[in-house]
Amino acid sequence: MFKHFFVALTFLTALSTTLSAAKDPIRFGKVSKEELKQNVCPIDSSAEAMVLCNYGEFRGDDFSFVQTRRLKILKKDGTGRGDLFVYGADNANVRGFTFNLVDGKVEKTRLKNNSVFKERITSSRYRYRIAMPNVKEGSIVDVEIRYTGFPTNFYFQEDIPVIHSELYIIPSQYIDFRQNFFGFEPLDQSKRNHYIAKNMPAFKEEPYMTSRENYITKVEFDLLKISYPGYYESFTTDWDALRKTLMEAEYFGQILRRGKGYLSDMADEINQKLGEDASDLEKTKAAYDAIKKVKWNGDIDLTPDHNLLNTVFKDGTGNSAEINFMLLHLLEKLDVSANPVVMSTRRNGIMNPYFPSLEKLNYVIVCATVDGKNYLMDPTEELMPFGMLPQRCINGSGRLVTEDKSANIDLKPGGEDKTVVVYSLKMTPEGNLTGTRGFQGSEFSAFNFRKRYRNHNNKEDFVKSLKENNPNLDVLSLDIKNIEDPDKRLTANYEINLKNQVAVMDTLGFLNPFCLEKIEDNPFKVKDRKYPVDFAYKRSKSVVVRIQLPENARVSEIPQPQKVTLPGNSATATILYQARQNVLTVQYQMQINKTVFLPEEYPYLQKFYDEIIKKQEEPIVLTYNL
């Protein structure tokens, strides 16, 4: 997709002035018996595996990068780590060995070429999936990858402990690059060209984290320029240079400028349906709904795989970039102003708005400007309402790019998670609760319900899964409205029977009234958290439970009402109880009023959930007349 200078490498080799590399901390394909006998990680005895050494070296004389990674399998549960991924350029050469100690001797098994599978991530970056042979408890795995090119990143930390990690950039006066560090664990040595980390603890993902890519200890690189006598090339030095690169690229700007005739019938159909007086906003909504008919194949891409989108349109399925490009083409045919927004998905890590990096971009969405207002769209999700973005796109900011300028765009969710649940139940003499549960979901709540429902073959399968997750629940009937219309509020009315809801001791009964709405566990378990909590979008849930008691039972004790509020009203929860005659009513409301909580706010958020869970554990005490 993007031009490279590799044709001139022979000249670069002849002209480069480099420094000698330090002694390599690892020799590929050579392991000791002592390493094979090692069965416990020295910094984490619970670890199922550890990285003994991860060494990377870039050589400026021939513009090549080599990385050697040595992995030790400590426990049976760690054998799955023999299936691994490495990243590199299209021209990468991958080698590997598995070592085992058999009858006191080192047994060496070579990785075969047919166990290495290559798949494209971006136009210049590939992922190599490797299935190492003969991996078992006690094995050591060596993998080496070599390719021509500058590394885009290097990880000093992984989700298992790393004993030694080192990166050496042998400098060259002809190459200039930018580095950007991430992570909370310090390096033992951090120079511009030489980085060393020792005894790096495993990175632990925590709930409501945007991406490990934002917090794991690593360094990212951007190649800025290559300059030597007779040759000069600059790269992503600023956003305007990146914009120009994209708009000149064969699989980006050139595709956007190609003919849109394949969408003529669709555009005519929209115009005829809406009429000549239709507003641009009506056209935009109609185009968004129309393109959603092309199915997303699940591939996340910055660029289309095909340079002719009419083929993709006829096939009816495409990657994320192809579907978004089709929406751009259709909006252009409808005379609606729209441009691409390039971005990094949530899982890929945050895009730095001040330091442009082409390697960091992995996705594109559409921004239509109507009456001075921007509307962000991603038609890959058939069930996503107009004006809202999938959670993978809610990730800081993106960059709107046009033929002559670029601009920062906030990637806002465009909606909230709004849920209302109402129970109307009767308690049987056996301690069961029978009656109805009414559910109303709006925006993300409705979207998530529709996604869960779509994952089942039919209503019966959906009901069966509810039973599997709630053994005491019987769903006698279920009526769902607006399941296929994402722009409308979704409602689901259940006729249910909840068994064993009252614990009886002599003449006393203990009832938990929260039914299926109880928070079982606090998602925030660690004592201290280094990373922000990111909910992606605001959330509100309102629950009303009405229970008619049997004639021989009455409420003798109810918990005190409680309201929990975090500073700045960032989150609130209210629980109220009422008992009148033979009817018990419980009202529960919880709101998360902002999306991001900083680490210093974490203890308050943790206590907030603790208080709710503690209150929901308190039973209502009943007295039975025998």
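**Exercise 1. The eight-stranded sheet**

Task: In what order do the eight strands of the open sheet run, and which strands form its edges?

Solution.
- Step 1. Eight strands make up this open sheet, in the order 25-26-24-23-30-34-33-32. The pairing is mixed. The model is a predicted one.
- Step 2. Look at the two ends of that order. Strand 25 (473-481) and strand 32 (562-565) are the edge strands, and each pairs on one side only.
- Step 3. Add the twist. From one strand to the next, it averages 10 degrees.
- Step 4. Zoom in on one edge. Strand 32 pairs with strand 33 (residues 571-580) in the antiparallel sense, over four bridges. There, glutamine 562 stands opposite isoleucine 575 of strand 33.
- Step 5. Now find the helix on the sheet. Helix 9 (residues 444-454) packs there and touches strand 23 (417-427), strand 24 (433-443), strand 25 and strand 26 (490-498). The direction of helix 9 makes about 115 degrees with that of strand 24.

**Exercise 2. The five-stranded sheet**

Task: Why is one side of strand 20 and of strand 22 left without a neighbour in the sheet?

Solution.
- Step 1. Write the order: 20-19-18-21-22, an open sheet of five strands with antiparallel pairing.
- Step 2. Strand 20 (373-377) and strand 22 (406-410) stand at the edges with a single partner strand each, so one side of each has no neighbour in the sheet.
- Step 3. On average, neighbouring strands here are turned by 35 degrees against each other, direction ignored.
- Step 4. Check one pair. Strand 18 (residues 338-343) and strand 21 (residues 397-401) are antiparallel and share two bridges. Valine 341 has leucine 400 in strand 21 as its bridge partner.
- Step 5. Place helix 3 (residues 239-248). Helix 3 packs on the sheet against strand 18, strand 21 and strand 22, at about 60 degrees to strand 21.
- Step 6. Place helix 8. Helix 8 lies across strand 18, strand 19 (363-370) and strand 20, at about 20 degrees to strand 19.

**Exercise 3. Helix 8**

Task: Is helix 8 largely enclosed by the rest of the structure or largely open?

Solution.
- Step 1. Take its length. Helix 8 (residues 320-333) has 14 residues and reaches 20 Å from first to last C-alpha, close to the 20 Å expected.
- Step 2. Use the burial count. Twelve of the 14 residues are buried, so helix 8 is largely enclosed by the rest of the structure. Among them are Glu322, Asn324, Phe325 and His329.
- Step 3. Inspect the ends. Asparagine 319 caps the N-terminal end, with a side-chain oxygen 3.0 Å from the backbone nitrogen of alanine 321. Just after the helix, aspartate 335 takes a positive phi of about 60 degrees.

Notes:
Residues are numbered from 1 along each chain as its sequence is written. This is a predicted model: local features need pLDDT of at least 70, side-chain atom pairs count only at pLDDT 80 or more; totals for chains, interfaces and linings use all residues. Side-chain values use heavy atoms; hydrogens and water are left out. The expected span of a helix is 1.5 Å times one less than its number of residues. Buried means under 20% relative accessible area, exposed over 50%, partly exposed in between (1.4 Å probe, protein chains only). A polar contact is a pair of N or O atoms within 3.5 Å; within protein, one must be able to donate a hydrogen and the other to accept it, and residues adjacent in sequence count only if both atoms are side-chain atoms. Two strands pair if DSSP finds at least two bridges between them. Axes are lines fitted to C-alpha atoms, for helices over the stretch in contact, and angles run from 0 to 180 degrees between N-to-C directions. Contact means heavy atoms within 4.5 Å.
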